[in-house]
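Student: Could you show me how to read pockets, helix packing and backbone angles in a model like this one?
Tutor: Gladly; let us have it in front of us.

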Amino acid sequence: MGRRGENIRKRVDGRWEARIVQGSPVKGKTNYKYLYARSYQEVRNRKLEFLQNISSQKSEANFRKERSETKLREVTGDWLNRKKPLVKESTFACYAVMVETHILPELGELDISELTSERMAAFLMDRKQHGRKRNGGSLSNKTVSDLKAILKQILSFAESCGLIDSVPDCPSVCVRQPPISVLTRQEQSKLEALLMQEDRPFSLGILLSLYGGLRIGEVCALRWKDFDFQNGTVQVSHTLFRISDINKKAGSKTKVVISKPKTDSSLREIPLPTPIFHYLKERRQNSEVYLLTGTKKYMEPRVCRERFGRLLQRAGVARHTWHALRHTFATRCVENGVDLKSLSEIMGHSNIRITLQRYVHPSMDSKKEQVNKLPCAFANGQNRGQGNRESA
C-alpha cells in the first residue's frame, strides 16, 4: 500500500495511480497530474522522476532569468575582487580607475548579455572622441586600447562564470607609437656641460639615464646601496611612482609606491661606462641615501620631470621628456656597434625585437653615413661619360 500523504493509491482495475498537484487551484478546484503503473514502486519512481524534472526546469529557467538580468556592474566588481590578489598594486589601481572613470558610468547598468560587439565599438569610439573628463576631449589610442583589453577580460570572466555563452568579438583599436625624442650630439654635449658645471645629486640621475638607459621611476628609487663599486655596476631592483589611492578612507587621492619593476626582465644589473663610474665613485654617499636628492628623502617623478625641463632650458636645449635620455642611450649604443642582445638586457626588454622597434632609432647623420657607403654605378658611369666627351 502507498504511504499516507504520498497521493498514491491502488485502483479497482489493479493499476497504481499517483496524483501530483499542478499549479494553484482554479476557482477552488485543485488541478492534478495523474501517473499510472503496474506496481506501487514503479509509479512511485515515475512520480519522483517527474518532480525532479519539474524542479530542474524551474532551476534552469531561474538561472536563465538571473543570467540575462546580471548587470555589467556586478560582474565587474567580482572581476576586480578576483584580480586584486593576482596583480601588482599599481596594475590593480589602473584597472580600478579605468573601470570607475569610463566603463561603469557608460556601461555599468547594461545587462551583461547586452554588451555586444556593436555596443563595445560604439563605446570605444565615444571614449576615443569625447572620453577626457576635464574638457570632453579625445583619449589617446593607448588608453582606448587599454579599455578594450579590460572589457575583454571582464567578458572572459563572465563566460567562465556561465553568464554568457561566448565572448563577443572586440573591435580593433589602432595604436600608433608616438614619435620618439632623441637628443642630437650637440644637444647632448650642451646638457653634459651644464651637468658637470652644476655638479649636484640631481645631475647624477640624468647621467645614469643618458649612459645606462634607466627609466625615470628606476632613477627615482635608486639609493647608493644599489651601486657595486667593486665591479662598476648598478642594480635596478625597484621603481618609484605615484598611483591612485583606491582606498575610500584615504585622505589623499594618490600615493607614492616603491616596488619591484613590473617584469622580471626589468630586474637587471647594468655595467657603467668607466668615466661615469669614476664620477659617481668620487661622489659616493651613505648607502641609504637616495641618488637624486643626496638625502634619505626620495624625489618623485613629477618633480623630477619639472626640474629636468628647467635644466634643459638653462642648457639651451630643445624641450625633451626624461624618456628621451633612454632613447638617446639606445641610439648611441647602436651607432657605436653595441650588440643588440647586450643592449636589450641593459634596457630591460624581454626580447631584442622590442629594442629594435621601440627604442633604437638611428639619427639622420647615421643614416646619411650608411647610405653613402653604397657603391653607386650611376656616378661612375656619369664620370666616364664626361671623360669621353672631353676626349672627343
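The dialogue below goes through pockets, helix pairs and a few single residues.

Tutor: This is a predicted model, so local features need pLDDT of at least 70 and side-chain atom pairs count only at pLDDT 80 or more, while totals for chains, interfaces and linings use all residues. Residues are numbered from 1 along each chain as its sequence is written, and side-chain values use heavy atoms, with hydrogens and water left out.

Student: How is empty space found, and what is the volume of the largest pocket?
Tutor: Rolling a probe the size of a water molecule over the atoms shows where empty space is left. Here a pocket is an open set of points on a 1 Å grid over the protein atoms alone, where a 1.4 Å probe fits, with protein on both sides within 12 Å along at least five of seven lines; lining residues have an atom within 4 Å of a point. A volume is the space filled by probe spheres set on the points. For the largest pocket, that volume is about 1400 Å³.

Student: Which residues lie nearest the centre of the largest pocket?
Tutor: They are R215, T239, F241, K262 and R305, out of 36 lining residues. Two or more lining residues come from each of α3 (89–107), α5 (141–160), α8 (216–221), β6 (239–244) and α10 (301–315). Helices (H or I, at least four residues) and strands (E, at least two) are DSSP runs, numbered from the N terminus.

Student: How does the lining of the largest pocket divide by class?
Tutor: It has twelve nonpolar, twelve polar and twelve charged residues. Ala, Val, Leu, Ile, Met, Phe, Trp, Tyr, Cys and Pro count as nonpolar, Asp, Glu, Lys and Arg as charged, and the others, Gly among them, as polar.

Student: Which element gives the most to the lining of the second largest pocket?
Tutor: That is α3, with seven residues. The second largest pocket has a volume of about 560 Å³, and 15 residues line it, with V97, T101, H102, R132 and S244 closest to its centre. By class, its lining has six nonpolar, six polar and three charged residues.

Student: At what angle do α3 and α4 pack?
Tutor: Axes are lines fitted to C-alpha atoms, for helices over the stretch in contact, and angles run from 0 to 180 degrees between N-to-C directions. α3 and α4 (residues 117–130) pack at about 130 degrees, with axes 12 Å apart. The two are therefore oblique; angles under 35 degrees count as roughly parallel, over 145 as roughly antiparallel, 65 to 115 as roughly perpendicular and the rest as oblique.

Student: And how are α4 and α5 arranged?
Tutor: Their axes are 9 Å apart, at an angle of about 150 degrees. That makes α4 roughly antiparallel to α5.

Student: Is R127 buried or exposed?
Tutor: Buried means under 20% relative accessible area, exposed over 50%, partly exposed in between (1.4 Å probe, protein chains only). R127, in helix α4, is buried at 4% relative accessibility. F329, in helix α11 (residues 323–335), is buried at 9%. The C-alpha atoms of F329 and G213 are separated by 5.6 Å, although the two are 116 residues apart along the chain.

Student: What is the phi of D199?
Tutor: Most residues other than glycine have a negative phi. D199 is not a glycine, yet its phi is positive, about 50 degrees. D199 sits in the loop between α6 (185–198) and α7 (201–212) and is partly exposed, at 36% relative accessibility.
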